[in-house]
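Here are some exercises on how two chains meet and on the spaces that a probe can find around them. Have your viewer ready and try each task before you read on.

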Amino acid sequence: MTMRGMDGSTAGAPLEGYNFAYLDEQTKRMIRRAILKAVAIPGHQVPFGGREMPLPYGWGTGGIQVTASVIGPDDVLKVIDQGSDDTTNAVNIRRFLARTTGVATTGRTAEATLIQTRHRIPERPLREDQILVYQVPIPEPLRFMEPREPETRRMHALADYGVMHVKLYEDIARCGRISTAYNYPVLVNGRYVMAPSPIPKFDNPKMDRMPALQLFGAGREKRIYAVPPHTEVKSLDFEDHPFEVQRWDACCALCGAGDSFLDEVVVDDRGGRMFVCSDSDHCRERRDAGHRGPEPEAVGQVQEI
Amino acid sequence: MTNETEQPLLRAVGVSHWYGGTLGCRDVDLDLHAGEVLGIVGESGSGKSTLLACLSARLRPAAGRVLYRTRHQGTVDIYGLGEAERRLLMRTDWGIVHQNPRDGLRLAVSAGGNVGERLMAVGARHYGRIRETARAWLERVEIDAGRIDDRPDTFSGGMQQRLQIARNLVTQPRLVFMDEPTGGLDVSVQARLLDLLRGLVADLGLAAVVVTHDLAVTRLLAHRLLVMRRGEVVESGLTDQVLDDPQHPYTQLLVSSVLQP
Ligand SMILES: Nc1ncnc2c1ncn2[C@@H]1O[C@H](COP(=O)(O)OP(=O)(O)O)[C@@H](O)[C@H]1O
Ligand SMILES: [Mg+2]
Ligand SMILES: [Zn+2]
């Protein structure tokens, strides 16, 4: 057994009285079949007979069921929420999966074989031997324009996607630019329009031709979809309003990164603010490698918030 | 005006439809040539909307065929097409103006977005050009281009109908289906809309099928008329002929009750 980093835990025995990863084997097989179908048709939403999980919807039950169906005893699990491994949501999900499987956990992207995420894609490029599982609240990208489910199904079947550009048109008409910043719609493999889940559009380019397998689970709506490794993922846009990612004037105050997604955080009770990497593992990795931002000593303050 | 030797643009052969045991329409034959406006009249429940839905690829008839002469692929049976081809036809070559603008507009989307949707659906990806085209169409249907970013639920009934028309004509269709386009509007608003429609149909050389229970509408718009009663066509001919010299007793009744109040 090996330690998997500072905040990691070693592999151990799963909890007595539960099946491995909580779900029974029949349910896992059913979910795996849906995953295989989703991988075969990149970006296409596949319904699955989801199970009730001991967590409320909105806590990532779709992602957990996908993770529970693909996890094996040798996996090393990382769970992130908004780029952090330490939020209540991330801690609860990691604890649940670790207890019911006994697998090792880690905070380090580089060490993980399986990463469940809400709201971010790690900054460190993912590899072919890794799987990224997204928690999805609303899987249907056409929902905003077309509430009728049979109609959205037909629109996907016929690649009848004009309304997606109507939505972007409305953005520009209202704000002078495409103001959609999260869950920015993408076209997968030149065929299906897909909701990337509420990640910032900053992360969209990482999905394009990613070497890792990307799996998406929506618990409430019982849908699974996937982007297989090395698949084209294109963000929708107009010729004269091309897709752009968020940019900041500042760099990370702790590690000096100028190319990572930054969060603005309050650092003291006098309203002092700074920008720091949203991906805390990435920031730590950079600092460990000797990178320094303008306020490197603020690490402790930031972590207390 | 119409070329006798030219194939019709739209042809219905023996079109019949039932809703369970209720007759919608029965055994309707019709030809519509390019640039021609056909009026369908008859009292409420006579099968006009059913026939229009069958003609416009929205309701597969229980029997009969609907043939359409396409721009590039000759004449096709519209219910023999795959759904993808049928939808493409509907949003490029055809327009449908619904009686209730709520059925034909996206009320939560700006006027410009409503007009631009068909362009985007067929691949337009230049925001500036889509917007310019939308602006030009708003002006063409007499909507102040300054309202391009307003939602249609802030528009009057007459403006909503004109917006529906712009939304349909933006892809320069050859054939437009209209179900009671002036229904529910005030008389003065109706007159303005009819004027506009007449001008557009003539300028663009559009063919149209217009369903109405209002004979005055057909007098202004339609070249030819079909009179329906209990799901069947009882009389057809040039509009002036049918209205001035009706042959069928039912048509005579319609004309006398409407035109001589
Ligand atoms: N969706 C439907 N379901 C059942 N019956 C219908 C339906 N639509 C129309 N009908 C019936 O079909 C007949 C023709 O109706 P319709 O085509 O709407 O006539 P019109 O447009 O001339 O008023 C009427 O008897 C009507 O009640
Ligand atoms: Mg009707
Ligand atoms: Zn940093």
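Three exercises with worked solutions follow.

This is a predicted model, in which local features need pLDDT of at least 70, side-chain atom pairs count only at pLDDT 80 or more, and totals for chains, interfaces and linings use all residues. Residues are numbered from 1 along each chain as its sequence is written, chains are lettered from A and ligands numbered from 1 in the order in which they are written, and side-chain values use heavy atoms, with hydrogens and water left out.

**Exercise 1. Describe the interface of chain A and chain B.**

Step 1: start with contacts (heavy atoms within 4.5 Å). Here 20 residues of chain A meet 22 residues of chain B.

Step 2: turn to buried area, the accessible area (1.4 Å probe) that two parts lose on being put together, summed over both. The two chains bury about 1800 Å², and carbon and sulfur atoms give 57% of that.

Step 3: look for salt bridges (a side-chain nitrogen of Lys or Arg within 4 Å of a carboxyl oxygen of Asp or Glu). The rule finds five across the interface. One of them joins Glu151(A) to Arg87(B), with the closest N and O atoms 3.3 Å apart.

Step 4: assign the chain A side to helices (DSSP runs of H or I, at least four residues, numbered from the N terminus). H4 (149-157) and H5 (162-175) of chain A each supply at least two residues, and H5(A) gives the most, with eight.

**Exercise 2. Find the largest cavity and what lines it.**

Step 1: on a 1 Å grid over the protein atoms alone, a cavity is a set of points where a 1.4 Å probe fits but cannot get out, and lining residues have an atom within 4 Å of a point. The search of the whole structure gives one cavity of 30 Å³ or more, and the largest has a volume of about 50 Å³.

Step 2: list the lining. Among its residues are Val97(B), Asn168(B), Met178(B) and Leu206(B). H6(B) provides the largest share, three residues.

Step 3: sort by class. The lining has eight nonpolar residues, one polar and no charged.

**Exercise 3. Which residues lie nearest the centre of the largest pocket?**

Step 1: a pocket is an open set of points with protein on both sides within 12 Å along at least five of seven lines. The largest has a volume of about 1300 Å³.

Step 2: of its 36 lining residues, Arg148(A), Glu151(A), Arg106(B), Glu117(B) and Arg167(B) lie nearest the centre.

Step 3: by class, this lining holds 13 nonpolar, four polar and 19 charged residues.

Notes
Points joined across faces, edges and corners; volume = space filled by probe spheres on them. Nonpolar A, V, L, I, M, F, W, Y, C, P; charged D, E, K, R; others polar.
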